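Reader: I would like a close look at one part of this protein, set against the rest of the chain. Please keep it plain, and say what each term means.

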Amino acid sequence: MKKQLIAATLIIGLLANAAASQTRYEPARVQTPDAFRGADPNADADQTSIGDLKWFEVFKDPELQKLVRTAMVQNYDLRAAIVRIDAARANLGLARSEQFPQFEASADVTSLRTSRTGQFPVAGQGGTSRNFGSVLLNLLTFELDVWGRLRQQTKAARAELRASEEDRKAVMTTVVGDVATQYFVLLELDSELDIAQRTLAARQESLRLIQARQQGGVATMSDVRQAEELVYQATKTIPDTERLIEQTENQISLLLGNNPSAISRGRPLAEQEELPAVPAGLPSSLIERRPDIRAAEQTLLAQKALVSAAKKAYFPRISLTGLLGFQSDALSGLFAGPSRAWTFVPQITQPLFTGGRLKSDVKFAKSQQQLALIQYQQTVQSAFREVSDALVQYRKFKEIRIQQGLLVETLRDRSRLAYLRYQGGVATLLDALDADRELFNAELDLTQTKRNELLSLVQLYKALGGGWQQ
C-alpha cells in the first residue's frame, strides 16, 4: 500500500512538472511610438543611441570621470542597493529551500541506575544499571510540490532578485547623472565668478578714469556715482557666487560619500567636449535598455507568480515525515540488525473551510498584479516623455547658446565703442554704463545657457537608459 502511494505521488508530481514547464511568460504589451517626439527632424532614423554608450564615453572630462568612479564605490544609495540585492538573494535561497527535503541527525545516550529497594537511583546502594542509546536521521516535514505552489513562490523570489539588480543599475544611472549635473553646475558658477571678477576689475578701472576726469573738470560727480554703482553691483555678486560654489561642492561631496571638501576641476565650462552626434535610437529599444523599466517588468512577473501560488493553495498538500536509524537499550548492540528503526508517515491535507482566507489571498495577489501592471505601463510612458522632453531641451538650448554667443560678441564690441565715444566726448556716460550692464548680464546668460545645454545632455543620456554600463 505504501509503495503504491509513493508511486502515485511521483506520477502526479511528474505530470505537474510537465504542465508547469509548458507555461511561458508573455511580457506585458505596451504601445510604443514610431519615433521620439522632439528628435531632430533632419536626423536619419538610426538604431544606435547615446544610451548605449558607457558613461565615460559621454562625459570625457578627466576630473568628472574620477568623481563618478569614486561615487560608484562610496555613494550611499548604491551601497544600499547592493545590500538590497543581497537580501533578495537570501530570500531566493529561503524560497528554494522549501522545495527540498530537510534532514537532521540526532544521537543520545541515557544512563539509568536503579536502587535495590526502589525504582529511583540512589547512590551507594547497589542495584542495576542500564544504558539506552539512539542514532537517528530525521526527515522533517517535506511537502511534495505536486501542484507547483512552491515553485511559483521560488519563481517570484527569483524575479524580485532580478528586479533588485535592475534597481541597482537604475541607481547607478541616477548617480552618474547627479554627479555630472552638480559638476557642470559647479563649472558654471566658476564661470560666473570669473566674469564677475573680470567685470569688477574693468569697472574699477573705469571708475578710476572717471574720477580723474572729474578732478580735471571734464566729468561730473553724478558720473562718478554712476560708476561707483556698477562697481558695488559687481562686488556684491562675488560673495554670493562663492557661497553657491561651496554649497555645490558640499553636495558633490555627499554624492561621493565624503565629508564636505573642495572639489577638483578639469576643463572649464566653455571647453567641455561636445558629442559629434546625439542620436536617440529607436523607441522600442528603450524598453530593453532602461533598468527601471526592466525592474518594473520583473516585479510584474513576480506578482504573476504569486497569483499562481495563491490559487494552488486550494489544492491538497502532500507532505512526508519519517526517521531512519538505530535504537537500543544496550550500547554494545546499538548498531546491530535488530536495533534498526524507521518511520515513514505520508500525509495529505485538504483545506475545507478557511473563513474566506484563501479566496482573499487570491484577490489580494491579483490586485497586486494589476497594480504592478499599471506601474509598469506608467514607467514606460514616463520614459518616453522624459526622452522627448530631454531631446527638445537639448536641441533648443543649443540654438539659444549659439544666438547668445553672437549677442555677447555684439555687446562686447558695443561696450568698447561706447567707452571710447565717452572718452572722446562724443557720447554720454549713460550710454557706456548701459552697454556695460547689458554685456555683464549677457555674459552671465551665456554661461548659464551653456550649463543648461550640458544639463539637458545629462538628462537625455539618463532618460535613454545610459549610465549603468561598465
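Author: What follows starts with the whole protein and then turns to the buried parts, ending with two polar residues.

This is a predicted model, in which local features need pLDDT of at least 70 and side-chain atom pairs count only at pLDDT 80 or more, while totals for chains, interfaces and linings use all residues. Residues are numbered from 1 along each chain as its sequence is written, and side-chain values use heavy atoms, with hydrogens and water left out.

The protein has 10 helices and 4 strands; helices (H or I, at least four residues) and strands (E, at least two) are DSSP runs, numbered from the N terminus. Their order from the N terminus is α-α-α-α-β-β-α-α-α-α-β-β-α-α. Of the 470 residues, 41% are buried, meaning under 20% relative accessible area with a 1.4 Å probe, protein chains only. Contact means heavy atoms within 4.5 Å. Of the contacts between residues at least 6 apart in sequence, 81% join residues at least 24 apart.

The largest nonpolar core holds 76 residues. Such a core is a set of buried Ala, Val, Leu, Ile, Met, Phe, Trp, Tyr and Cys residues joined through side-chain atoms within 4.5 Å. Those with the most contacts inside this core are Phe36, Phe59, Leu64, Val179, Phe184, Val387 and Leu464. Helix 5 gives the largest share of this core, 18 residues. A second, separate core has 6 residues, including Ile85 and Leu161. Beyond residues up to four places away in sequence, leucine 464 touches Phe36 and Val387, among others, and also Arg289 and Arg290.

Helix 5 spans residues 149-215 and contains glutamate 166. Glutamate 166 counts as buried because its relative accessibility is 11%. The glutamate 166 side chain makes a polar contact with the side chain of arginine 294 at 2.7 Å. A polar contact is a pair of N or O atoms within 3.5 Å; within protein, one must be able to donate a hydrogen and the other to accept it, and residues adjacent in sequence count only if both atoms are side-chain atoms. Outside its neighbours within four places in sequence, glutamate 166 is in contact with Pro291, Arg294 and Ala295.

Serine 456 lies in helix 10, residues 429-463. Serine 456 is counted as buried because its relative accessibility is 1%. Leaving aside neighbours within four places in sequence, serine 456 contacts Ala390, Gln393, Tyr394 and Phe397. From serine 456 to aspartate 389 the C-alpha to C-alpha distance is 9.0 Å, with their positions 67 residues apart in sequence.

Notes:
Buried means under 20% relative accessible area, exposed over 50%, partly exposed in between (1.4 Å probe, protein chains only).
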